[in-house]
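These entries record what I looked up in the structure, place by place. I begin with a single residue and then widen the view.

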Amino acid sequence: MRNRISVLLAALAALSVLAAGGCGATAEKGAGTAAGEGPVTGLRLMVPNTPGGGYDTTARTAAKVMEDAKIASGVQVFNLPGAGGTVGLQRMINEKGNGKLAMQMGLGVVGASYTSKSQATLSQTTPLAKLIEEAGAIVVSKDSPYRTIGDLVAAWKKDPKKVTVGGGSSPGGPDHLLPMRLAKVVGIDPRQVNYVSYDGGGELLPAILGDKVGFGASGYSEFLDQVTAGQLRVLAVTSTEPVPVLKDIPTLKASGIDLVFTNWRGIVAPPGIGDADRRMWIDALTRMHDSQQWKAELTKRGWTDSFVTGDRFAAYLAEQDKSVASILAELGLA
């Protein structure tokens, strides 16, 4: 009897060891998935302006690529517009420590943080990655009297206040800085520019289509469908070379205007997130960047790949902040 009990106890002990080993294997597999061996879950990406604009397009494209490439599952993209992106920025600061939330942003939020006198600043966020750069475009409706950039500039110089320019960002954003710099280059006092601010490209588009503004200044990718459909006409792009998706459109430089202007977009997280969450986001975005799906989107939308992450993006963000503050101070806006 004693021998049988001893054998039974030994068998139970062996089973316990095996069960513990099995649990250990399962736990290790789950941890590996969280670290990037499988789709990440629970991610939320905030867009700080209205649907249809450049931030919205970029965020939803990134989310779709992460889904399609099985990098993340169930990524939620939502909009929180207001004050040139600073309402969303304040939300990010309030979400301190939330490692599953991030915000699509760019040059526009940098400028708006100054012009709106925001208490929230980008220096308080956790920089994750810079994704793309994009040239600006000078856009008019199909019925506009301006057939070339020369036509537009001539009318603009004649009566700066009469030719209204619309942009999808608040003062200090790229759509505002572009016409201000263009005005200065062609000999117009930037303080005479009649700039009308719209909250993102989604609101700017109907204003251009309806001739509520003389011309629009924004990223060209926001209006590619309308340009292709013949509803809008691009007079010039602000890159150094022609844009492949708009190969017949001249640059400002080729039109005799000495100006190159580039916008950019990136992603930041709330302050105080853990190292593991920061690595998780950067890993997911890096895998997205390396995917064939993302490369196809870059080509399709004419975006320039400018991917940097972590500390390199933080340094770039600090440099951009300083540059924009200087320009806005010169314009009397900061």
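**Entry 1: a loop residue**

I located I188 in the loop between α6 and β8 (195-197). The model is a predicted one, and I kept that in mind throughout. Is I188 buried or exposed? I found a relative accessible area of 6% for I188, and because buried means under 20%, I188 counts as buried.

I then asked which residues I188 is in contact with, leaving aside its neighbours within four places in sequence. I listed W156, K157, P160, A183 and V193. For W156 I also noted the separation from I188: 32 residues in sequence, and 8.2 Å in space from C-alpha to C-alpha.

**Entry 2: the chain as a whole**

I counted eleven helices and twelve strands in the protein chain. The chain has 334 residues, and buried residues make up 50% of them. I looked next at contacts between residues at least 6 apart in sequence, and noted that 79% of these join residues at least 24 apart. For the surface, I recorded about 15,200 Å² exposed by the protein chain, with carbon and sulfur atoms supplying 54% of that area.

**Entry 3: strand β2 and its partners**

Which way do β2 (residues 44-47) and β4 (residues 76-79) run relative to each other, parallel or antiparallel? I found them parallel, joined by four bridges. Within this pairing, I noted V77 in β4 as the bridge partner of L45.

I also followed β2 to β5 (residues 101-106), where the pairing is again in the parallel sense and extends over three bridges. Here R44 has L101 of β5 as its bridge partner.

**Entry 4: cavities**

How many cavities of 30 Å³ or more does the structure hold? I found two.

The largest cavity contains about 180 Å³ of space. I counted 20 lining residues, and those nearest the centre of this cavity are N49, Y55, G168, S169 and P174. The elements that each supply at least two residues of this lining are α2 (54-68), α4 (107-115), α6 (174-186) and β11 (262-269). Sorted by class, I recorded twelve polar, four nonpolar and four charged residues in the lining of the largest cavity.

The second largest cavity contains about 50 Å³ of space. I listed the lining of this cavity as E134, A135, G136, P174, D175, L178, S218, G219, F261 and N263. I noted that β6 (126-141), α6 and β9 (215-219) each supply at least two of these residues. By class, the second lining holds four nonpolar, four polar and two charged residues.

Comparing the two entries, I saw that P174 lies among the residues nearest the centre of the largest cavity and also lines the second largest cavity. Helix α6 supplies at least two residues to the lining of the largest cavity and at least two to that of the second largest.

**Entry 5: positive phi angles**

I checked two residues with a positive phi that are not glycine. K70 has a phi of about 60° and sits in the loop between α2 and β3 (72-73). At 59% relative accessibility, K70 counts as exposed, because the cut-off for exposed is over 50%.

D211 has a positive phi of about 55°, and its place is in the loop between α7 (201-209) and β9. Is D211 exposed or partly exposed? With a relative accessible area of 42%, I entered D211 as partly exposed.

Notes: Residues numbered from 1 in each chain as written. Predicted model: local features only at pLDDT ≥ 70, side-chain atom pairs only at ≥ 80, totals over all residues. Heavy atoms only, no water. 1 Å grid on protein atoms, 1.4 Å probe; cavity = no way out; pocket = protein on both sides within 12 Å on 5 of 7 lines; lining within 4 Å. Points joined across faces, edges and corners; volume = space filled by probe spheres on them. Nonpolar A, V, L, I, M, F, W, Y, C, P; charged D, E, K, R; others polar. Buried < 20%, exposed > 50% of the residue type's maximum accessible area, 1.4 Å probe, protein only. Contact = heavy atoms within 4.5 Å. Areas by Shrake-Rupley, 256 points an atom, 1.4 Å probe, with all protein chains shown as cover. Pairing = 2+ DSSP bridges.
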